[in-house]
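Subject: Structure for you to look at

Hello,

Here is the structure I said I would pass on. Please open it next to this email and follow along.

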Amino acid sequence: MTVRFSSNQVLDSGIQGMENSLSEAMSWNKKITSGKQYAQASDNAYAVSRGVRLDFDISRLDMLKANQNFVASSHANAQTQMDSLVNEMNSLKQLFVQSQSGALNPTNFKALKVQAEQILIAMEQQMTAKDATGNPIFGETVNQVQIEPNVMVESGVKFDDAFGSGGDLDYPENSQMYLNIQKFVTYLEEKGENTGVTTETAEEVSDGLNTSFDQLIMTVQRSGGVAAQVDNAKTAMSAFGLQLAASQSALLDTDMAAATASYTRAQTLLNAAQAMFARLQQSNLFSKL
């Protein structure tokens with residue numbers, strides 16, 4: 001049996017071979033130069049499913065990082081203010097110790113009263129301070145914020161938690177801490193009047209100062225614990241981010257060794273096809289077409 005091929009069939013076959021080799025070579029060259037295995041996710045069904053999952057994980061990671069930065073900044077601002085307030089409370093406690101000296105006269109008590117008042121004014125300003133964005137550092141409410149999967153922390157420090165109940169940002173003078181300090185100021189004023197009578201006893205004044213001091217210290221410690229949690233979460237999420245980047249690279253990035261080998265093979269086939277086609281063109285068969 002004899003099989004016959006027309007000149008057009010041979011010609012078409014040669015052209016088709018060159019086009020296929022050229023297309024394959026260009027495809028592999030693009031993957032090598034771009035570093036991407038797929039031009040779009042739909043180029044590969046597996047890339048579609050895994051790519052969507054990776055995009056979701058990366059978006060969630062970005063959200064967690066934003067939450068971590070917000071919580072860290074909020075508690076850092078609160079701790080800065082509370083550290084200063086703790087120092088002020090220590091100064092007040094030192095003034096109280098001085099006020100118990102039996103050698104003091106009414107003038108001395110009046111001088112201590114002025115110092116205590118000045119400290120109270122400074123503390124009131126710190127209690128109602130705002131951050132760089134204009135928001136109160138000690139809010140009336142705080143939210144629960146997710147800083148890593150299944151881990152929620154308070155977004156900041158509540159006014160009541162730091163300064164006791166009764167007051168707020170508009171009326172800090174009604175807070176328990178302010179009232180306890182004001183009782184000390186009143187005590188010093190009454191001692192300066194030298195009447196021998198005070199509204200509060202020295203023991204009651206001391207207990208009030210100690211209660212507010214202890215509450216402030218406890219709030220500082222709790223805020224510091226949240227800050228430590230955020231630091232740990234940042235470390236964990238950083239490691240998770242590296243894992244995501246590696247997974248995304250393995251899924252989407254070009255395997256340079258395999259791509260280079262495939263490109264070389266396609267280029268070789270293209271060169272062979274071009275050489276064969278050139279020889280066909282020079283043959284008598286095609287010269288007579």
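Below is what was found in it, from the overall layout down to single residues.

Overall layout

Please keep in mind that this is a predicted model. The protein has 8 helices and 4 strands. Along the sequence they come in the order α-α-α-β-β-β-β-α-α-α-α-α. The chain counts 289 residues, and 33% of them are buried. Contacts between residues at least 6 apart in sequence were also examined: 74% of them join residues at least 24 apart.

The hairpin of β2 and β3

Strand β2 covers residues 144-148 and pairs with β3 in the antiparallel sense, over 4 bridges. One of the pairs is easy to find: Gln146 has Met152 in β3 as its bridge partner.

Which side chains of β3 are buried, and which are not? In this strand, residues 151-154, Val151 and Val153 point to one face and are buried. Met152 and Glu154 point to the other face and are not buried. This fits a general pattern: in a regular strand the side chains alternate between the two faces of the sheet.

The hairpin has 2 residues between its strands. One residue in this loop between β2 and β3 is Asn150. Its phi is positive, about 70 degrees, although Asn150 is not a glycine. Asn150 counts as exposed because its relative accessibility is 77%, and the cut-off for exposed is over 50%.

Val151, in strand β3, is in contact with Val145, Gln146 and Gln229, leaving aside neighbours within four places in sequence. Val151 and Val230 are 79 residues apart along the chain, yet their C-alpha atoms are separated by 9.9 Å.

Gln68 in helix α2

Helix α2 runs over residues 45-99 and includes Gln68. Is Gln68 buried or exposed? Gln68 has a relative accessible area of 2%, so it is buried, the cut-off being under 20%. Not counting residues up to four places away in sequence, Gln68 touches Ile147, Val230, Ala233, Lys234 and Met237.

Helix α5 and the residue after it

Helix α5 takes in residues 176-193, which is 18 residues. How far apart are its end C-alpha atoms? They are 26 Å apart, and this agrees with the expected span of 26 Å at 1.5 Å a residue. The expected span uses one less than the number of residues.

The buried residues of α5 are Met177, Tyr178, Asn180, Ile181, Phe184, Val185, Tyr187, Leu188, Glu190 and Gly192. When reading that list, it helps to know that an α-helix has 3.6 residues a turn, so residues three or four places apart point the same way.

α5 is followed by Asn194, which is found in the loop between α5 and α6. Asn194 has a positive phi of about 60 degrees although it is not a glycine. At 58% relative accessibility, Asn194 counts as exposed.

The nonpolar cores

In soluble globular proteins, nonpolar side chains tend to be buried together. Here the largest nonpolar core has 34 residues, and those that touch the most other members are Met89, Leu92, Phe138, Phe163 and Phe184. The elements giving two or more residues to this core are α2, α3 (106-127), α4 (159-163), α5 and α6 (202-252). Of these, α2 gives the most, with 8 residues.

Met89 touches Met123, Met177, Ile181, Leu209, Ser212, Phe213 and Leu216, not counting residues up to four places away in sequence. Apart from the largest core lies another, of 8 residues, among them Val145, Ile147, Val151 and Ala233.

The cavity

How many cavities of 30 Å³ or more are there? The count comes to 1. About 70 Å³ of space lies in the largest cavity. Its lining is made up of His75, Glu154, Gly156, Val157, Lys158, Asp161, Thr219, Arg222, Ser223 and Val226. The elements that give two or more residues to this lining are β4 (157-158) and α6, and α6 gives the most, with 4 residues.

If you want a place to begin, start with the hairpin of β2 and β3 and find Asn150 between the strands.

Regards

Technical notes:
Residues are numbered from 1 along each chain as its sequence is written. This is a predicted model: local features need pLDDT of at least 70, side-chain atom pairs count only at pLDDT 80 or more; totals for chains, interfaces and linings use all residues. Side-chain values use heavy atoms; hydrogens and water are left out. Buried means under 20% relative accessible area, exposed over 50%, partly exposed in between (1.4 Å probe, protein chains only). Two strands pair if DSSP finds at least two bridges between them. Contact means heavy atoms within 4.5 Å. A nonpolar core is a set of buried Ala, Val, Leu, Ile, Met, Phe, Trp, Tyr and Cys residues joined through side-chain atoms within 4.5 Å. On a 1 Å grid over the protein atoms alone, a cavity is a set of points where a 1.4 Å probe fits but cannot get out, and a pocket is an open set with protein on both sides within 12 Å along at least five of seven lines; lining residues have an atom within 4 Å of a point. Grid points are joined across faces, edges and corners, and a volume is the space filled by probe spheres set on the points.
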